[in-house]
Amino acid sequence: MAIIEVVDLVKTYDRKVAVDGVSFSVDEGEIFGILGPNGAGKTTTVECIEGLRAADSGSIRVDGLDPRRDRAELRTRLGVQLQQSELPERIRVGEALELYASFYRDAADWRELLERLGLADEVGTEYRKLSGGQKQRVSIALALVGKPKVAVLDELTTGLDPQARRDTWTLVEQVRDSGVTVVLVTHFMEEAERLCDRLAVIDAGRLVAVDSPAGLVARVDGEQTVRFRPTSPLDTALLAGLPEVDAVERHGPQVVVTGRGNLLHAVTSLLARNQIVAADLRIEQAGLDDAFIRLTGRALSE
Ligand SMILES: Nc1ncnc2c1ncn2[C@@H]1O[C@H](COP(=O)(O)OP(=O)(O)OP(=O)(O)O)[C@@H](O)[C@H]1O
């Protein structure tokens, strides 16, 4: 069931069209990603969902509420991640949580929340003394303290090192598993691929596609590459004769086979039939990166 519905959203700043007729819906209980390059209109879209910005046209419903008209009620159902700069440097973690909990009639037990987010030891620590990853966890805690049904997390792992980023992903999955629908704004392909059940790909204000990461990748009928080192002599003409294979090359001791369909299975079966053992066998397939390029005509990082 849809918990967020966005229909034909349009938002213009002066003459710049930031969001240009975007429609999508978010199902209850999913991690829904909004993926796109800088300036694509992601933040504008979620700010309209949060009721922080008025759309020029289109309609939005969050758990049945109109974000502008029902802002007060929306606040109890939608948790918004705070940007880092919005907390005073010297506030202690426990104080921040207590303060935010006081804004809600029915707040979560914030001590239990800190425990769950691995911050129990930092209750008395000043915000400025936390690591980047810890600050992000505090911002997640603050988004959850009102016991929302939906949490919006915007550029959650920007600036984090790879380990802290992975820890944060695990945390987001735990949040979802606890029954909260998550809307995740990101421009990291890996994050989107690893974490999101479905994604809206936005480019230059327009919705390019909504699908699961695997569904997006499947739209690219991509070429695959299988690499291996045969441990006994191999007649590559045998491989070249397989219907799945487009080309076979030798790079020193390595054989590189490109093709389509169930390429890996075709290659390994042929090797098995000929009693050839493949060492260092690897397959490379199209990923979300390739799908993004196919859909938008450019790489996400451009
Ligand atoms: N308050 C504003 N006034 C004028 N233009 C704005 C305003 N906020 C955003 N824009 C412009 O609208 C477009 C969409 O911006 P938005 O912040 O929604 O994109 P984004 O996808 O979230 O990008 P980023 O990843 O860089 O945050 C950009 O061209 C941006 O410059």
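Which helix gives the most to the shell around the ligand? In this predicted model, the answer is helix 1, with three residues. Before a closer look at that site, a brief tour of the whole chain is helpful.

The protein chain falls into two parts, domain 1 (2-218) and domain 2 (224-285). Taken over C-alpha atoms, the centres of domain 1 and domain 2 are separated by 45 Å. The C-alpha trace of the protein chain spans about 75 × 45 × 35 Å along its principal axes. Eleven helices and 13 strands are found in the protein chain. Of its 302 residues, 36% are buried. Among the contacts with a separation of 6 or more, 68% join residues 24 or more positions apart.

The ligand comes next. Its surroundings consist of Tyr13, Lys16, Ala18, Gly36, Asn38, Gly39, Ala40, Gly41, Lys42, Thr43, Thr44 and His187. By class, three residues of this shell are nonpolar, seven are polar and two are charged. Two elements, strand 2 (16-27) and helix 1 (42-49), supply at least two shell residues each.

Helix 1 deserves a paragraph of its own. This helix is mostly covered, with seven of its eight residues buried. The buried residues of helix 1 are Lys42, Thr44, Thr45, Val46, Glu47, Cys48 and Ile49. Lys42 and Thr44 also belong to the set of residues around the ligand. Just after helix 1 comes Gly51, which takes a positive phi of about 80°.

Two open sheets can now be followed strand by strand. As general background, the strands of a sheet pair through backbone hydrogen bonds, in either a parallel or an antiparallel way. One sheet has six strands in the order 5-6-7-3-8-9, and its pairing is mixed. Strand 5 (78-80) and strand 9 (206-211) are at the edges; each has a single partner strand, so one side of each is left without a neighbour in the sheet. From one strand to the next, the twist averages 15°. Within this sheet, strand 3 (residues 31-35) pairs with strand 7 (residues 181-186) in the parallel sense, over five bridges. A useful point to find in the structure is Gly33, which stands opposite Leu184 in strand 7.

The other open sheet has four strands in the order 11-12-10-13, and here the pairing is antiparallel. Its edges are strand 11 (245-251) and strand 13; because each has a single partner strand, one side of each is left without a neighbour in the sheet. The twist averages 15° from one strand to the next. Five bridges link strand 10 (residues 224-230) and strand 13, which pair in the antiparallel sense. Here Thr225 stands opposite Glu284 in strand 13. A helix accompanies these strands: helix 10 (residues 263-273) lies across strand 10, strand 12 (254-259) and strand 13, and runs at about 20° to strand 10.

Where does Gln285 lie? This residue is in the loop between strand 13 (278-284) and helix 11 (288-296). Gln285 counts as partly exposed because 14 other C-beta atoms lie within 10 Å, whereas a buried residue would have 20 or more and an exposed one 12 or fewer. Gln285 and Leu242 are 43 residues apart in sequence, and their C-alpha atoms are 19 Å apart in space.

Notes:
Residues are numbered from 1 along each chain as its sequence is written. This is a predicted model: local features need pLDDT of at least 70, side-chain atom pairs count only at pLDDT 80 or more; totals for chains, interfaces and linings use all residues. Domain bounds come from an automatic or database domain assignment. Two residues are in contact if their C-beta atoms, placed from the backbone, lie within 7 Å. A residue is near a molecule or strand if its C-beta atom, placed from the backbone, lies within 6 Å of it. Ala, Val, Leu, Ile, Met, Phe, Trp, Tyr, Cys and Pro count as nonpolar, Asp, Glu, Lys and Arg as charged, and the others, Gly among them, as polar. Two strands pair if DSSP finds at least two bridges between them. Axes are lines fitted to C-alpha atoms, for helices over the stretch in contact, and angles run from 0 to 180 degrees between N-to-C directions.
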